[in-house]
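I opened a fresh page for this chain and jotted down each thing I looked up. Here are my entries, in the order I made them.

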Amino acid sequence: MIRSSYFTFKILRYDAKNPSREPYFQSYHIKVLPGLTVLGVINRIRDEIDGSLAFRCSCRSAICGSCAMVINGKIDLACRTQVATFGSDTIILEPLPNFEVIRDLVVDMTPFWDMYEKIQPFLIRKSPDPEKEIYQSEEDRRKIDQFVNCILCACCYGACPVIADEPGYLGPAAAAKLERFVLDSRDERPAEALEQVNTPKGVWACDTVFRCIDACPKDVRPTDAIIGLRKALVKNRYNRILGLNKK
Ligand code: SF4
């Protein structure tokens with residue numbers, strides 16, 4: 001027989017339009033069936049109990065990346081977190097750290113998207129467009145496999161201690177996306193295009209504490225990307241000194 005249990009959800013509430021009211025936790029006592037996710041619960045709270053609760057969601061399948069939040073102290077996607085997996089019957093939900101809160105669990109992602117846009121997250125070609133699709137070998141595709149899996153959920157950005165201390169830091173997701181294109185056999189961006197991250201707030205700011213890797217729900221390893229970009233920058237510098245840069 002499928003048994004349901006009661007859980008208490010404590011959700012951090014705040015409205016940036018009413019800043020005189022300090023953030024506060026609001027509790028909801030909810031009956032939960034096995035298999036119900038945290039996203040399922042907050043959808044129920046909003047639909048049946050409190051329509052003022054604000055959060056983002058879309059696909060419910062860990063693909064759109066919009067329901068990232070802090071769940072009992074751990075950053076994760078609400079849609080892939082089953083309530084019954086917690087040992088405790090109290091679950092605390094808070095918005096992603098390192099962002100301004102707009103309302104409740106909704107944060108202002110502008111700094112995240114600004115960094116994403118800055119790295120030019122698309123294939124850059126110098127060659128004329130081919131008549132057919134550009135062939136990519138299986139071996140070359142494997143080089144970008146993990147980075148292609150990024151769903152831009154910003155879990156890594158929320159977990160990064162450098163962002164907390166260093167506003168304007170490139171951040172793990174933008175680095176992972178840049179490395180995705182640098183490693184892509186079809187991309188022809190010039191070596192100079194990497195110079196924009198060759199700064200104290202670019203790839204050199206990372207303290208390699210790996211929290212981005214722990215937080216990523218798609219097994220992307222942004223720290224590997226940062227190390228890869230650092231290596232590429234050093235190699236470009238030597239090539240420039242020796243006059244070997246092809247791009
Ligand atoms: Fe999300 Fe992982 Fe991409 Fe960071 S690297 S945005 S945690 S999927």
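In which loop is Asp104 found? I looked, bearing in mind that this is a predicted model. Asp104 sits in the loop between strand E6 (101-103) and strand E7 (106-107).

**Entry: two positive phi values**

I checked the backbone of Asp104 next, and its phi is positive, about 50°, although Asp104 is not a glycine. I then asked whether Asp104 is buried or exposed. Asp104 counts as buried, because its relative accessibility is 3% and the cut-off for buried is under 20%.

Phe210 went on the page as well, since I noted a positive phi near 65° there, again in a residue other than glycine. I found Phe210 in the loop between helix H6 (172-182) and helix H7 (211-215). Its relative accessible area is 37%, so I wrote Phe210 down as partly exposed.

**Entry: the whole chain**

I stepped back to the chain as a whole. I noted eight helices and seven strands. Along the principal axes, the C-alpha atoms fill a box of roughly 65 × 45 × 30 Å. The chain has 247 residues, and 44% of them count as buried. I also looked at contacts with a separation of 6 or more: 66% of these come from residues 24 or more positions apart.

**Entry: domains**

The domain assignment gave me domain 1 (5-107) and domain 2 (110-242). Where they touch, I noted 13 residues from domain 1 and 15 residues from domain 2. Taken over C-alpha atoms, the centres of the two domains are 30 Å apart.

**Entry: the core**

Which residues have the most contacts inside the largest nonpolar core? I wrote down Phe9, Ile11, Ile42, Leu77, Leu93 and Tyr169, in a core of 70 residues. Why does this core lie between the domains? Both domain 1 and domain 2 give residues to it, so that is where the core lies. As a reminder to myself, nonpolar side chains tend to be buried together in soluble globular proteins.

I picked Ile11 for a closer look. Leaving aside neighbours within four places in sequence, I found Ile11 in contact with Tyr24, Phe25, Gln26, Tyr28, Ile42, Ile45, Leu53, Leu93 and Leu105. Ile42 and Leu93 are partners of Ile11 here, and both are also on the list for the core.

**Entry: helix H1**

Ile42 led me to helix H1, which covers residues 38-49. H1 has 12 residues and reaches 15 Å from first C-alpha to last, close to the 16 Å expected. Which residues of H1 are buried? I listed Val38, Leu39, Gly40, Val41, Ile42, Asn43 and Ile45. The cover over these buried residues includes four strands: E1 (5-13), E2 (24-32), E3 (68-71) and E5 (90-94).

**Entry: around the ligand**

How many residues surround the ligand? I noted 13, and the closest are Cys150, Ile151, Cys153, Cys156 and Cys216. By type, the shell divides into 12 nonpolar residues, no polar ones and one charged.

**Entry: Asp114**

My last stop was Asp114, which I found in helix H2 (residues 110-118). With a relative accessible area of 45%, Asp114 is partly exposed. I also checked Asp114 against Arg80: they are 34 residues apart in sequence, and C-alpha to C-alpha they are 27 Å apart in space.

How values were computed
Residues numbered from 1 in each chain as written. Predicted model: local features only at pLDDT ≥ 70, side-chain atom pairs only at ≥ 80, totals over all residues. Heavy atoms only, no water. Core = buried A, V, L, I, M, F, W, Y, C linked by side-chain atoms within 4.5 Å. Buried < 20%, exposed > 50% of the residue type's maximum accessible area, 1.4 Å probe, protein only. Domains from an automatic or database assignment. Contact = heavy atoms within 4.5 Å. Near = heavy atom within 4 Å. Nonpolar A, V, L, I, M, F, W, Y, C, P; charged D, E, K, R; others polar. Helix = DSSP H or I, 4+ residues; strand = E, 2+ residues; numbered from the N terminus. Expected span 1.5 Å × (residues − 1).
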